[in-house]
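Hi,

Here is the structure I said I would pass along. Have a look at it first, and my notes follow underneath.

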Amino acid sequence: MSKRVLITGATSGIGRQLALDYQRAGWQVWGCGRDATRLGELAEQGITPLSFDARDRAALAATAANVPDLDLLILNAGHCEYMDLAQGFDGELFARVIETNLIATGHVLAAFLPRLTAGARLAIVSSSVTWLPLSRAEAYGASKAALDYLTETLRLDLQAKGIGVTLIRPGFVQTPLTAKNDFPMPCLVSVEAASSTIMAGLAAGHHHIHFPRRFIWLLRLLGGLPVGIWLRLSSLFVSKGRP
Ligand SMILES: NC(=O)c1ccc[n+]([C@@H]2O[C@H](COP(=O)([O-])OP(=O)(O)OC[C@H]3O[C@@H](n4cnc5c(N)ncnc54)[C@H](OP(=O)(O)O)[C@@H]3O)[C@@H](O)[C@H]2O)c1
């Protein structure tokens, strides 16, 4: 019997590529999102479309009731907005980003985690932004840092059930989310490359998947600098905002 994967945020970018690649690899794929046209396009490719807003707990519960046990659950849906502190702290923006990236992830976990049994794997897509603080990423970075902690603790608590947990932290990937960025994106990779790295890491049962390697090393190096030096460097290079 073919393996089963459910992917949130499958109507665009990284999630869409993963859905197509798993389907081509012979998996049975459930692809989630809100955009009806793009869900229809997934259905044409043999992917079972699931329509819900991840912030809507009731819609999620109703949807999950019709989904069988899964081998892999990839929580990838996400939203990015940058904060311009010159205009004050935008509490509405902060709430929007935290709600989609963090609170909604909790709703999706509540709905679909019961579909994972011994031998299955949960993967959560965070971001390389959590390696170091980056300008204008107050909301996005905070939401993803919280996802890091959530994922690491889920790994501890799901090990007794035989469920593996993987934290995925991509660098810049060419998607509609990054197409809006008005700053240089070092080491930008294609969705095809991102999907193939993620699939290989998940197949190998890795606890962590982060890429591209050169970019992650740079972030780790900068993240290890004394705060004063990073402040000076960031005022030179990143005053306009980053991932
Ligand atoms: N691209 C990058 O460079 C990069 C880097 C690091 C991390 N990431 C993370 O990778 C993930 C995918 O990013 P991407 O670049 O592929 O973004 P994308 O192309 O903008 O796709 C985002 C996906 O999330 C779904 N989504 C957003 N809000 C939703 C909601 N409330 N309910 C249900 N689905 C929702 C969208 O579905 P609908 O449009 O159908 O609603 C869409 O399928 C995100 O978590 C992002 O933070 C991306």
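How many disulfides does the count come to? Zero. Keep in mind that this is a predicted model. A disulfide here needs two cysteine sulfur atoms within 2.5 Å, and Cys187 is in none, because the nearest cysteine sulfur, the one in Cys80, is 18 Å away. Cys187 itself is partly exposed, at a relative accessible area of 25%. Cys32, on the other hand, has 1% relative accessibility and counts as buried.

Next, the ligand, which I guess you will want to look at before anything else. There are 31 residues around the ligand, and Thr11, Ser12, Arg34, Tyr140 and Thr175 come nearest. Tyr140 also makes a polar contact through its side chain: an N or O atom there is 2.6 Å from an oxygen atom of the ligand. Two glycines do something similar with their backbones. A polar backbone atom of Gly13 sits 3.5 Å from a ligand oxygen, and for Gly78 a backbone N or O atom is 3.4 Å from an oxygen atom of the ligand. As for how covered the ligand ends up, it exposes 890 Å² when taken alone, and the protein buries 93% of that.

Now for the strands. I started from E6, residues 164-170, where seven of the seven residues are buried. In a regular strand, side chains alternate between the two faces of the sheet. In E6, Gly164, Thr166, Ile168 and Pro170 point one way, while Val165, Leu167 and Arg169 point the other way. Both sets are buried, and that includes Arg169.

E6 has a parallel partner in strand E5 (residues 116-125), to which five bridges join it. In that pairing, Ile124 stands opposite Leu167. E6 also pairs with strand E7 (residues 208-211), again in the parallel sense, over four bridges. There, Ile168 of E6 faces Ile209 of E7.

A quick word on helix H2 (residues 36-44) and what happens at either end. Asp35 caps its N-terminal end, with a side-chain oxygen 3.1 Å from the backbone nitrogen of Thr37. Just after H2 comes Gly46, which takes a positive phi of about 90 degrees.

Last, the aromatics. How many aromatic pairs are there? The count comes to six. One of them is Tyr22 with Trp27, an edge-to-face pair at 4.8 Å centre to centre and 65 degrees between the planes. Tyr22 is buried, with a relative accessible area of 3%. Another edge-to-face pair is Tyr82 with Phe183, at 5.8 Å centre to centre and 65 degrees between the planes. Tyr82 lies in the loop between strand E4 (70-75) and helix H4 (91-112), and Phe183 in the loop between helix H6 (176-179) and helix H7 (191-203), so this pair ties together parts that are 101 residues apart in sequence. Both Tyr82 and Phe183 are buried. They also belong to one aromatic cluster, together with Phe172 and Phe215.

That's what I have for now.

Cheers

Terms used:
Residues numbered from 1 in each chain as written. Predicted model: local features only at pLDDT ≥ 70, side-chain atom pairs only at ≥ 80, totals over all residues. Heavy atoms only, no water. Buried < 20%, exposed > 50% of the residue type's maximum accessible area, 1.4 Å probe, protein only. Helix = DSSP H or I, 4+ residues; strand = E, 2+ residues; numbered from the N terminus. Pairing = 2+ DSSP bridges. Near = heavy atom within 4 Å. Polar contact = N/O pair within 3.5 Å; in protein donor to acceptor, adjacent residues only side chain to side chain. Areas by Shrake-Rupley, 256 points an atom, 1.4 Å probe, with all protein chains shown as cover. Phe/Tyr/Trp six-rings, centres within 6.5 Å; stacked < 30°, edge-to-face > 60°.
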